[in-house]
Each structure stands twice: as C-alpha cells, then as structure tokens.
Amino acid sequence: MFERKKIGIMGGSFNPIHNGHLIMAENARIQYNLDKVWFMPNGNPPHKDLSGMPDGETRCRMTLLAISDNPYFELSRHEIDKKEVSYTYASLGSLKKKHPNVDFYYIMGGDSVYNFKHWVHPEIIAGLCTILAAPREEIHDDKLKAAVKELWDKYRADIRIIDIPSFDVSSFLIRERIQTNLPIKYLVPAKVEQYIRENKLYENRTGE
C-alpha cells in the first residue's frame with residue numbers, strides 16, 4: 001500500500017516567474033502540509049497570446065533557476081512538452097491517472113476564483129483537486145467568501161484560502177519595468193534577474 005502524497009500544482013506562463021509565485025507556493029506548502037509543489041509552465045495556453053513570449057525552454061530555465069534552492073519545489077514539464085493546447089482539466093486528469101496515490105492541490109491567485117466558472121470544465125477540475133487561493137489586497141474578504149460559496153454550491157469546488165503576506169507584483173509589471181529601464185531587483189530571484197539580463201529578455205517585447 002503506497003502512502004498518499006499531497007502535491008501542490010503551481011501553473012502559469014511564468015513570463016517571467018517572480019517572487020510572488022514563490023511566496024504563494026511556499027505559504028501554501030507550509031499551511032496545507034504539502035509534500036511538494038510542482039511548478040508547471042504552460043506550453044500552449046488557450047487564453048494567452050504567445051507572440052513575443054519567450055519559448056517554453058526559456059521559461060522552464062527561469063523556473064528552474066527560481067526554485068533551485070528549495071528542496072520542496074520541482075519543475076513539471078507536463079504541459080510544456082505538449083504541442084496541443086493545455087487545459088487545466090485535462091492536465092489534472094492526466095496527472096491523476098499517472099499518480100493515483102496523490103491528492104492534488106491547485107494553487108491560484110484569489111482573482112482567478114472569480115474567473116473560475118469561465119474555465120473549460122470547472123466541474124471536472126473541482127472533482128480532481130482542492131483549490132488553494134491566495135487573495136490579493138484589492139479583494140475584500142466578504143466578496144471572496146461569496147465567490148467561494150457560489151463555486152461550492154455550483155461545482156462542489158473545495159476552495160481554501162492561503163494566508164499570505166502582501167506582495168503585489170505581476171509578470172506584466174516586471175516586463176514593463178524592464179522595458180522602461182526600471183530595476184527588478186527583489187521582485188524576482190537574483191538568478192532569474194541575471195538570466196533575464198544576460199539574454200536581454202523583455203527589452204523589446206510585450207508578450208502576455
């Protein structure tokens with residue numbers, strides 16, 4: 001009999017990965033006693049314009065650099081190696097078949113809770129994982145609680161809140177700062193900043 005594992009899934013384009021992603025993942029891991037957090041870069045996401053975005057290998061490399069000093073973080077190439085469009089419900093379904101002894105926890109920003117009902121097959125996602133949501137400052141507790149209740153009533157989605165210190169940063173903000181010659185120190189891991197500078201990433205790009 002295999003011991004069940006608790007694995008967090010941190011999905012995203014990671015364009016680029018930043019300290020906000022790492023803070024969210026680490027707080028989710030500690031608060032919900034996860035064995036590991038798998039960082040899963042999107043390969044061909046349905047809702048993103050890939051024009052101007054660094055290729056998958058570049059984003060994987062930045063992700064590896066960002067998580068290299070945390071033994072609980074791992075890179076998952078599950079989506080990046082696929083040519084077809086990556087849907088969360090399909091990825092979770094595939095991972096569940098491959099790892100039947102794992103309980104998956106999908107980590108997302110609190111703002112994604114409001115869009116969750118517009119995702120492809122939210123009812124399937126809800127049946128495959130527990131959702132861990134990190135609220136942003138601008139999201140009021142009552143509003144978030146109402147959204148969580150609505151998704152429970154509609155899909156039986158088990159959504160739990162991550163207690164997380166305030167750190168308001170986004171990949172868009174980092175790309176914008178690079179394009180306007182503003183510093184990104186302390187917004188991304190030092191190794192990621194070095195990689196971005198050495199490879200001149202985002203200097204003339206606006207990829208989403």
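Strands β1 and β2 (residues 36-41) run parallel and are joined by 6 bridges; two strands pair if DSSP finds at least two bridges between them. Within this pairing, glycine 12 has proline 41 of β2 as its bridge partner. Between β1 and β2 the chain passes through helix α1 (residues 19-31), and the resulting β-α-β crossover is right-handed. That term applies if, with the strands pointing away from the viewer, the path from the first strand over the helix to the second runs clockwise. Strand β1 (residues 5-12) is also joined by 6 bridges to strand β4 (residues 102-109), again in parallel. Here isoleucine 7 has phenylalanine 104 of β4 as its bridge partner.

The model is predicted, so local features need pLDDT of at least 70 and side-chain atom pairs count only at pLDDT 80 or more, whereas totals for chains, interfaces and linings use all residues. Residues are numbered from 1 along each chain as its sequence is written, and side-chain values use heavy atoms, with hydrogens and water left out.

The secondary structure of the chain comprises 8 helices and 6 strands; helices (H or I, at least four residues) and strands (E, at least two) are DSSP runs, numbered from the N terminus. Read from the N terminus, the order of elements is β-α-β-α-β-α-β-α-α-β-α-β-α-α. The radius of gyration of the chain is 17 Å, close to the 17 Å that the globule rule gives for 208 residues, so the chain is as compact as a globular protein of that length. This radius is taken over C-alpha atoms, and the rule is 2.2 Å times the number of residues to the power 0.38. The C-alpha trace spans about 45 × 40 × 30 Å along its principal axes. Of the 208 residues, 47% are buried, where buried means under 20% relative accessible area, exposed over 50%, and partly exposed in between (1.4 Å probe, protein chains only). Among contacts between residues at least 6 apart in sequence, 77% join residues at least 24 apart; contact means heavy atoms within 4.5 Å.

The segment that follows β1 can be taken next. Proline 16 is placed in the loop between β1 and α1, and the peptide bond leading to proline 16 from asparagine 15 is cis, with omega near 0°. Asparagine 19 lies in helix α1 and is buried, with a relative accessible area of 17%. Leaving aside neighbours within four places in sequence, asparagine 19 is in contact with Phe167, Tyr186, Leu187, Val188 and Pro189.

One of these contacts, Tyr186, has a phi near 75°, a positive value in a residue other than glycine. Tyrosine 186 is found in the loop between α7 (171-179) and α8 (190-198), and at 65% relative accessibility it counts as exposed.

Beyond β2, asparagine 42 lies in the loop between β2 and α2 (56-67). Asparagine 42 is buried, with a relative accessible area of 12%. Neighbours within four places in sequence aside, its contacts are Gly12, Ser13, Arg59, Glu79 and Ile80. Among them is Gly12, the residue whose bridge partner in β2 is proline 41.

Strand β6 (residues 159-161) contains isoleucine 161, which counts as partly exposed at 31% relative accessibility. Isoleucine 161 and alanine 28 are 133 residues apart in sequence, yet 8.8 Å apart in space, C-alpha to C-alpha. Not counting residues up to four places away in sequence, isoleucine 161 touches Gln31, Tyr32, Ala133, Pro135 and Leu144.

The account closes with α8 and the residues after it. Within α8, Val192, Glu193, Tyr195 and Ile196 are buried. Viewed down the axis of α8, the buried residues fall within an arc of 160°, so they line one face of the helix; the arc is that of the directions from the helix axis to the C-beta atoms. The cover over these buried residues includes α2 and α7. On the face turned away from the buried side, α8 carries the exposed residues Ala190 and Glu198. Lysine 200, just after α8, takes a positive phi of about 55°. Tyrosine 202, in the segment after α8, has a phi near 70°, a positive value in a residue other than glycine. At 0% relative accessibility, tyrosine 202 counts as buried.
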